Amino acid sequence: MTVLVTGATGNVGRCVVDRLLAAGAQVRALTRRPETAGLPDRVEVVAGGLADADALAKALAGVDRVFLFPVPEGAQTFVEQAKAADVRRVVLLSSIAVAYPESNMIGERHRAVEEAVEAGGFEWTHLRPGPFATNSLSWAEAIRAEGVVREPHAEARHAPIHEDDIAAVAVAALLEDGHAGVAYPLSGPEAISPPEQVRAIAAAIGREIRFEEETPEQARARWIGAGVPAGIVDSMLSYRARGGQRLDAPVPTVQQVTGRPARTFAEWAVEHADDFR
Ligand SMILES: NC(=O)c1ccc[n+]([C@@H]2O[C@H](COP(=O)([O-])OP(=O)(O)OC[C@H]3O[C@@H](n4cnc5c(N)ncnc54)[C@H](OP(=O)(O)O)[C@@H]3O)[C@@H](O)[C@H]2O)c1
């Protein structure tokens, strides 16, 4: 059985590829940059993007199941090509922001892809993670250069999830039965604050790191300056302003689906220590 992995060069996608190979599946990957993708030799690599109908047709030929990276601009094209290729099952990387009661751009973009996949008539599973532990990789440069992390809302606790725990649920949904028509909220095992995350990274690399709380305005200017779209910045700030407490309390899904507990942020930091050195 061939499984197509999109977003295969990403944090989650690489783990999905490794887990599928370990399970004995045949893996094909779609990437816009095959020459630098660095995927395992056993992966069949197809060049192209997620809105490219010709590349999708090629990538989907003979494929039964797909791990779908969410790109709203390409969702309709993907669904058309996947239906034409008789794809049976689609496991979508979505976001918990879909379930927030207030309208927000991150949720709207992911919901658009969820709806397109549902309308396609596949056996679908939506993965709805909260914040990734990998988001803290954006601190690496300032940690290396200045030994400091600057973030707004020091009090905002959330339960960051390990990318490989998302992948473990994805691969269960791809290879096992019993996950069709389900939207899984996903999180790490414990709600922690940014200063606590910073302490975990400091312990992992054996070096002191200072935490400096920014005002929301300072964070806004910094993120806009880094090229994050204004609507996404607004979603990020409103999420943090409410402390991550409402929909982002830890949920037991990883344990329930995979049979083992989700990894803590401290465990993630030890595994990723070299990224911060
Ligand atoms: N970060 C969070 O806290 C969070 C929380 C909930 C949900 N999510 C969802 O998870 C996604 C991030 O997953 P990740 O960390 O595994 O991804 P990532 O590391 O950012 O990698 C995404 C990969 O997808 C491929 N891609 C194809 N078309 C793309 C496009 N139009 N835009 C961006 N990438 C494209 C790229 O591969 P090629 O260049 O090889 O084509 C890229 O390497 C977010 O975009 C969001 O949808 C994130």
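Buried residues account for 42% of the 277 residues in the protein chain. This is a predicted model. The chain holds 11 helices and 9 strands. Its radius of gyration is 19 Å, close to the 19 Å that the globule rule gives for 277 residues, so the chain is as compact as a globular protein of that length. Along the principal axes, the C-alpha trace spans about 55 × 40 × 35 Å. Now consider contacts between residues at least 6 apart in sequence. Of these, 72% join residues at least 24 apart.

Start with the ligand. It has 22 residues around it, and G7, G10, N11, V12 and T31 come nearest. The shell divides into 10 nonpolar, 10 polar and 2 charged residues. Which element gives the largest share of this shell? Helix α1, residues 11–22, does, with 3 residues.

Stay with α1. The helix has 12 residues. From first C-alpha to last it reaches 17 Å, close to the 16 Å expected at 1.5 Å a residue. Its buried residues are V12, G13, R14, V16, V17 and L20. V12 thus appears twice in this account: it is buried in α1, and it is among the residues that come nearest the ligand. What do the buried residues of α1 pack against? Four strands are on the list: β1 (2–5), β2 (26–31), β4 (65–68) and β5 (89–93). Helix α6 (163–175) is there too. After α1 comes G24, whose phi is positive, near 90 degrees.

Next, go to α7, residues 194–205. Its 12 residues should span 16 Å at 1.5 Å a residue; the end C-alpha atoms are 17 Å apart, which agrees. Buried here are P194, Q197, V198, A200, I201 and A204. They cover an arc of only 155 degrees around the axis, which puts them on the same side of α7. The cover over these buried residues includes β7, β9 (210–214) and α11 (265–271). Just after the helix, G206 takes a positive phi of about 65 degrees.

Q197 deserves a closer look. Is it buried or exposed? Q197 has 25 other C-beta atoms within 10 Å, and 20 or more make a residue buried, so Q197 is buried. Set aside the neighbours within four places in sequence, and Q197 is in contact with S136, I192 and F265. F265 falls within α11 (265–271), one of the elements covering the buried residues of α7. For a sense of distance, take A23. Q197 and A23 are 174 residues apart in sequence. In space they are 33 Å apart, C-alpha to C-alpha.

Then turn to α9, residues 230–241. This helix has 12 residues and reaches 16 Å between its first and last C-alpha, close to the 16 Å expected at 1.5 Å a residue. S235, M236, Y239 and R240 are its buried residues. Seen down the axis, they fall within an arc of 125 degrees, so they line one face of the helix. A230 and A241 are on the other side of α9, and they are exposed. The buried residues pack against α4 (105–119) and β7 (148–152). Strand β7 therefore serves two helices in this walk: buried residues of α9 pack against β7, and β7 is included in what covers the buried residues of α7.Two loop residues remain. D86 has a positive phi of about 60 degrees although it is not a glycine. D86 is found in the loop between α3 (75–84) and β5. How many C-beta neighbours does D86 have inside 10 Å? D86 has 11, and a residue with 12 or fewer is exposed, so D86 counts as exposed.

H153 is not a glycine either, and has a positive phi of about 55 degrees. Its place is in the loop between β7 and α6. H153 has 20 C-beta neighbours inside 10 Å; the cut-off for burial is 20 or more, so H153 counts as buried. In short, D86 counts as exposed, whereas H153 counts as buried.

Conventions:
Residues numbered from 1 in each chain as written. Predicted model: local features only at pLDDT ≥ 70, side-chain atom pairs only at ≥ 80, totals over all residues. Near = placed C-beta within 6 Å. Nonpolar A, V, L, I, M, F, W, Y, C, P; charged D, E, K, R; others polar. Contact = placed C-beta atoms within 7 Å. Expected span 1.5 Å × (residues − 1). Arc of directions from axis to C-beta. Rg over C-alpha atoms; globule rule 2.2 N^0.38 Å.
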